[in-house]
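Biologist: Could you walk me through this one? I would like to hear the reasoning behind each label.

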Protein chains: 4
Amino acid sequence: MIRFECDYTEGAHPALMQRLLETNMEQCCGYGLDPHCDNARALIRKACENDALDVHFLPGGTQANVTVIAAALRSHQGVLSADTGHIAVHEAGAVEHTGHKVLTVPNTDGKISAAQIDTYCAEYYADDTHDYIVPPAMVYISFPTETGTLYTDAELTAIRTVCDRWDLLLFVDGARLGYGIGAPGNDVTLPRLAALADVFYIGGTKVGALFGEAVCIRSEALKKDFRYHMKQNLSILAKGRLMGVQFETLFENGLYFELGKKASAQAVRIREALAGKGFTPLGSSMTNQQFFEMPDEAFAKLAETYVFSVMRKPGPGRTAFRVCTSWATADETVDALIADINAL
Amino acid sequence: MIRFECDYTEGAHPALMQRLLETNMEQCCGYGLDPHCDNARALIRKACENDALDVHFLPGGTQANVTVIAAALRSHQGVLSADTGHIAVHEAGAVEHTGHKVLTVPNTDGKISAAQIDTYCAEYYADDTHDYIVPPAMVYISFPTETGTLYTDAELTAIRTVCDRWDLLLFVDGARLGYGIGAPGNDVTLPRLAALADVFYIGGTKVGALFGEAVCIRSEALKKDFRYHMKQNLSILAKGRLMGVQFETLFENGLYFELGKKASAQAVRIREALAGKGFTPLGSSMTNQQFFEMPDEAFAKLAETYVFSVMRKPGPGRTAFRVCTSWATADETVDALIADINAL
Amino acid sequence: MIRFECDYTEGAHPALMQRLLETNMEQCCGYGLDPHCDNARALIRKACENDALDVHFLPGGTQANVTVIAAALRSHQGVLSADTGHIAVHEAGAVEHTGHKVLTVPNTDGKISAAQIDTYCAEYYADDTHDYIVPPAMVYISFPTETGTLYTDAELTAIRTVCDRWDLLLFVDGARLGYGIGAPGNDVTLPRLAALADVFYIGGTKVGALFGEAVCIRSEALKKDFRYHMKQNLSILAKGRLMGVQFETLFENGLYFELGKKASAQAVRIREALAGKGFTPLGSSMTNQQFFEMPDEAFAKLAETYVFSVMRKPGPGRTAFRVCTSWATADETVDALIADINAL
Amino acid sequence: MIRFECDYTEGAHPALMQRLLETNMEQCCGYGLDPHCDNARALIRKACENDALDVHFLPGGTQANVTVIAAALRSHQGVLSADTGHIAVHEAGAVEHTGHKVLTVPNTDGKISAAQIDTYCAEYYADDTHDYIVPPAMVYISFPTETGTLYTDAELTAIRTVCDRWDLLLFVDGARLGYGIGAPGNDVTLPRLAALADVFYIGGTKVGALFGEAVCIRSEALKKDFRYHMKQNLSILAKGRLMGVQFETLFENGLYFELGKKASAQAVRIREALAGKGFTPLGSSMTNQQFFEMPDEAFAKLAETYVFSVMRKPGPGRTAFRVCTSWATADETVDALIADINAL
């Protein structure tokens, strides 16, 4: 079976494995305070065109989401998210476990708008009883979103403006950031993202690394004491150097962006093949995750060879599913899948 | 101004004040372990026709809601509520503060149905990724609901059946229980409620007392260690005897039920007057809270004399509002309001 | 039996009951936003000689302790307390329930010193691994302490200086404040306390009220959003006016101070009687709580008529116990006890 | 500089790196549900001689400690630990962050005794006010302890008996388990540990792996829903297979035990060299961590070549420090250190 079910089925890109091997017996101090982490931080700051960013390496996306939110919010405050946001649905209540309510607004194509956030806040503060309702203090968005879509620069800029209006921190979940930056049609650069968000992260787990997310903090208030929050939220790895070495490799020669660009292009090829056969795309993703629905028989035929994520049964006799490419997807595998799609 | 804005604008029913005065200089041990609390417990068990209920007195509804939920759930579990449920919207995140997610389903006329709960659970356990989604372990409903409506005995029985099917505790918020039990058309008795719910409470704060809610526990698992949870959740009053004395008085001669019945009848008179003038009722409440909308000018005219809770602006030139009666509402005050409504 | 076991065995001082009765049928808005609360706030600010204090009324001491700590600390921070501090031993883990560690230092006669706090912080920041140890951000002391003793003005001033040095908030638990202010030999005034502490509270529950503590906040940072924290920490009473009325009465004509002074004087009379008979005082309390040990037979003789709190068995054949007076203790009762002590 | 400061300065044992490389491009499902994890589980169960153990792989020791405690305890319960226990001092309040108080008793040579636990519980339940004090529900011990010492089989058996008496779960932190099992004089086998503890873990991070701890659960109650707690406590790694592959390699041919035995033997050689020169050992460790004190000048001389962990200044002119060996320590490095010690 060939797995297209998610973007973390393999280990790490061979270049990263090689560097882990080469540095394996170096003696380093722990907890991310070693020279590899420092070098990776410098490379990331350079790629973000912002020397003042604090950069921390956390083992995974859930850790990054929860630690950032727990560190940023006072105990009575909540975080605003799309109803499809990862923190709203797939963190097993880890955000609430730290005491914070996730406040949701309905998504459109996986996204929320500046206008929605503005209305939410205006109505909140207009409510006489708002003392008894959780106040929003942060906006959480994903780039790409959970459905593979992308905010435009204009959309992000508008959200930034609204965040400033209502004193909200803007947090961008970049678990799949590489696939977004490299997607066809994307107009958001990494420096631009770093300038708009108060805090965001660059996902490694899904984009070439064994594990690891680089949390980048622009907000001065959030910088303070962040390592305490990492420790308390179970997000410090003893051998932090492992993430330093991997992010060094990903950012030395643009490997991170190269991997992202290629996988999104592969996914769009699959999208076009499926759409070309008349199957219905679910949403407008141009990134490495594609969502489609098709008749059960067609799906069953493909499922003889390939593993996809089944999302739901959208109607009798139909299956909605996700197909993912990743840094590890070979062109020939994509060719084979497309051939099989065309043969349906 | 005459206040109809909520049901806790006055102190306590004079009979309760009198008993507090009479017992004021008695020396009692603290924390609800005194003879008055014991006597009140016995009276409540008798009214519930269940000698095995554990009864605890907590100062208010938020304390009762949070303590029961925190005591009942393991840390990863969530509580299912109507989207209009008090715990979902008006507890300032106090439930999440204890680490638990409030899971919501859409209400109809303030209520949720057995079928909704059943579907929610079926879909939850059918989801392959449910390990990463908060599992429901309790159903929270209000009787009366936040919009004044009532579950029928048949509806509660069906919910009980679904709770048994999915291993869910059933928790009934009875902050306004007296107004529900005594409402025209209600077919749920207190013994019946005590037999269906795993835990519920009898609200005193809004039904004749200075403060105090009697939490009644039928679930053996929940009985264990409940006082620890009360203390930890800031819900033990040093002079617990104050609630014992008040609940003794409310339950000795049926005063609690008498107060509830009268206030709901008064509210229904107001409902009929408003509806009789062609104003639109919002929902089907037969209890002490009535929700209506009317043109702004009519509302402004009434607002010269009376205070109501404004809910929202349902459309241009219209106001939605709540009018509440309580144990303290005099018949003449209701007569006056009705006269003024009729004069609009 | 005559109870000397604690200082909350009766209801409220008759003057408070009278005012509650007189105001019982007034219609007030809820949650502490009514005119009685506002008036009580003004009276308290005047007594504190500080017009800028924010004053909030919470139902009890546990609520005050937990809400203040939870509101003041960021999630990774801890609170420093004597090992005998109420929050360290008798809150059933309510502080930890909000996520904060209570850090303890050994007490001397119920107190901790500026030097201890200074050393604790110096050692903390000197430790290379302090990123993995909870940082102190607040000092909690009780006035009077749990063993009835009092800090002098000089001691409090020194603690204030150390708090400023290490950026620590100073929180004074005044559950029995009246008994401290009025104690023989005390040199700390209420205005002085209000000038030294960042936040403190004036206990009503143990000093004449049915319940209620007045939390007074001087720290600007802590003032912000405090009502959210009250709600989230289950410390808002629906009928907040009840506390407003009681504190009005306590502070209108100095009743609060009068009650405290008298009870401490009574306790000192008992102390002198016990010491005069050769029994061993435990600590140097001049306030309403006295701690002694005596042979079991002597204790048993007194226990035929009086209820005390047994603390522990300090050795074979000996009992350590607490005797409390309160605003409700009659002079004749004290006379009787002293006569019985002298007759041992 | 040669680092003896801790036992996680290098990457992973070369055999593990080799296997990670070989399996790197295998497609596996995520979250520890892959065949490598299943195989590792089988090997661990076999080594523990218990087919009924549930085995979960978590990224590190803090994650293991917090997840086990949070999963095991109801919200009001606490965990009993030596005052030197890792959870009491070095987890940055992560246990309290989940709402639980760490209850401490004084250590002797890093250990606590069955008698201490028994007394603690007896006094707890004898206290009339214990409803307001956190109840112990779990005992946490480390094997080896934080000071390198080991419980004997007899000591563990006695603790087990006391845990049964007071209904306490027994949790053994095995972050350095390999170094304990393989230490000279140790009489506790892995199967014996697995039979005595309700839950324990086998540390990989410090004993040959890049990262990873194998949590082994014998308690049926704790087995239920453990994966939810892992997710909620940020302890599920997306590519769980990485830990499966590593633990497979560690347990296939006894590599884990071999690495532990060798490092402890090396440490004992260093101990003997230091003691032979008349320096004072701090505690009786026979495992990979050795604690000594010596004059500052001697320490400074060694510190020219070697990095140790300075613990504290035990007196004027003296330094207390820790020296660690690990799976990565070469015999020649130990020889060199011993030569330099002998040359002091």
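Modeller: Gladly; we will take the contact between two chains and then a sheet, keeping in mind that this is a predicted model.

Biologist: How do you know that chain C and chain B are in contact?

Modeller: Contact requires heavy atoms within 4.5 Å, and 46 residues of chain C and 47 of chain B take part. The two chains bury about 4,300 Å² between them, with 58% of it on carbon and sulfur atoms. In chain C, Gln27(C), Leu234(C) and Lys239(C) lose the most area to chain B.

Biologist: Why is the meeting of Glu91(B) and Lys231(C) called a salt bridge?

Modeller: The rule asks for a side-chain nitrogen of Lys or Arg within 4 Å of a carboxyl oxygen of Asp or Glu. For Glu91(B) and Lys231(C) the N to O distance is 3.6 Å, so the pair satisfies that cut-off. Across this interface the rule finds 2 salt bridges, and 34 residue pairs are in polar contact. On the side of chain C that touches chain B, the residues divide into 24 nonpolar, 14 polar and 8 charged.

Biologist: What makes E12 and E13 of chain C a pair?

Modeller: Pairing needs at least two bridges. E12(C) and E13(C) are joined by 4 and run antiparallel, so they count as paired. Ser309(C), for instance, has Arg322(C) in E13(C) as its bridge partner.

Biologist: Why are E9 and E12 of chain C at the edges?

Modeller: The open sheet has the order E9-E10-E13-E12. Strands E9 and E12 of chain C each have a single partner strand, so one side of each lacks a neighbour in the sheet.

Terms used:
Residues numbered from 1 in each chain as written. Chains lettered and ligands numbered in written order. Predicted model: local features only at pLDDT ≥ 70, side-chain atom pairs only at ≥ 80, totals over all residues. Heavy atoms only, no water. Buried area = accessible area lost by both parts, 1.4 Å probe. Polar contact = N/O pair within 3.5 Å; in protein donor to acceptor, adjacent residues only side chain to side chain. Nonpolar A, V, L, I, M, F, W, Y, C, P; charged D, E, K, R; others polar. Helix = DSSP H or I, 4+ residues; strand = E, 2+ residues; numbered from the N terminus.
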